[in-house]
Amino acid sequence: MTDSSQKNPSITRRLPLLFLCAALFLSGCSAPAPESGDDQKPASDSTRLASVIEAGTLKVCTTGDYRPFTYLDPETGEWSGIDITMAKDLAESMGVEPEFIQTSWKDLMPDFLSKCDMAVGGVSISMERAQQAYYSEATLDEGKTPITLCENVEKYDTIKEINQPGVRSITPIGGTNEKFADSNYPDGEIIRFEDNNKIFDEIIAGRADVMTTDASETRWVANEHPELCAVHPDKPFNFSQKAYLLPLGDDEFQEYVNQWLNMAKNDGTLAAAEKPWFG
């Protein structure tokens, strides 16, 4: 008799995750009720893994304005991006449906805490966020680097050059890009822009000179807009990592997500999600 996992290799990859999920879920359901006066909650109440499976839905907060990681098409209402594809894969591994909840960078943390099971979409690891949430293992190592008109690459390839009176640095509101600009360009002009989907058009139109953002975004934008060039994306100004936001203190859910992510990094799932965007 032919093994069905040989016909569908993805089944083999899912089995360890499903077994882990089932074990954690059953252990929560079978935990003894606490004695009177005991404040300890049963595992089924304390782990998001069990509640997600019970609800049949993985609620995912994401901004929808940060390609290549997350994008919500305003005309079709369709979601796309590397982290959107990955969130769908994670939901599939748990046997549930993903539900994407749009947020903004300034509202990312409060929306995640009140509405979602996780947050994705090019979320950078920061100590401020780590005080309120767990992170998954890192999905990407990179850092901040400029992007500008190709003719201006040599004019804006250092922090000192950008931090000059009259140099217009544009940044989206509420994220790590804005914090980087505030910290490093006090002598320059900082333009705070609401729509991250149209922010690079401001540089092309001459209304801004440069933007400092994650190296991964500069690579994607340079591919999309031949007028713009990423400035030394392989040697960014600083070091940062991207990961997924998870509920603070929920070790079981974090362990499950990390196990899934480790397998996705090594079986080609993450590479396949990145290929349409990075080539």
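This passage walks through some strand pairings and aromatic contacts in a predicted model.

Strand β9 is a good place to start. It spans residues 144-149, and six of its six residues are buried, so the strand is largely enclosed by the rest of the structure. Two partners turn up for β9. One is strand β12 (residues 210-214), which pairs with β9 in the antiparallel sense over five bridges. Within that pairing, Thr 145 sits opposite Thr 213 of β12. The other is strand β13 (residues 228-230), which also runs antiparallel to β9 and is joined to it by three bridges. Here Thr 148 has Cys 229 in β13 as its bridge partner. As a reminder, strands of a sheet pair through backbone hydrogen bonds, either parallel or antiparallel.

Elsewhere, strands β2, β3 and β4 make up an open sheet of three strands, in the order β2-β3-β4 and with antiparallel pairing. The edges are taken by β2 (65-66) and β4 (79-80), each of which pairs on one side only. Between β3 (residues 70-72) and β4 there are two bridges, again in the antiparallel sense. Leu 72 is matched with Trp 79, its bridge partner in β4.

Some aromatic and charged side chains are worth a look alongside this sheet. Tyr 66, which falls within the 65-66 span of β2, forms one aromatic cluster together with Phe 69 and Trp 105. Then there is Tyr 71, part of the 70-72 stretch of β3: Arg 67 lies over the face of this ring, at 4.0 Å from the ring centre.

Taken as a whole, the structure holds seven aromatic pairs. In one of them, the rings of Phe 180 and Tyr 185 have centres 6.0 Å apart and planes at 75 degrees; planes over 60 degrees apart count as edge-to-face, so that is what this pair is. Both residues are tucked away: Phe 180 is buried at a relative accessible area of 10%, and Tyr 185 is buried at 1%. Phe 180 also pairs with Phe 237, and this time the planes are at 0 degrees with the centres 6.2 Å apart, so the rings are stacked. That contact links distant parts of the chain, 57 residues apart, with Phe 180 in helix α9 (residues 176-184) and Phe 237 in the loop between β13 and β14 (240-242). Phe 237 itself counts as partly exposed, with a relative accessibility of 24%, whereas its partner Phe 180 is buried.

Methods:
Residues numbered from 1 in each chain as written. Predicted model: local features only at pLDDT ≥ 70, side-chain atom pairs only at ≥ 80, totals over all residues. Heavy atoms only, no water. Buried < 20%, exposed > 50% of the residue type's maximum accessible area, 1.4 Å probe, protein only. Helix = DSSP H or I, 4+ residues; strand = E, 2+ residues; numbered from the N terminus. Pairing = 2+ DSSP bridges. Phe/Tyr/Trp six-rings, centres within 6.5 Å; stacked < 30°, edge-to-face > 60°. Lys NZ or Arg CZ within 6 Å of the ring centre and 35° of its normal.
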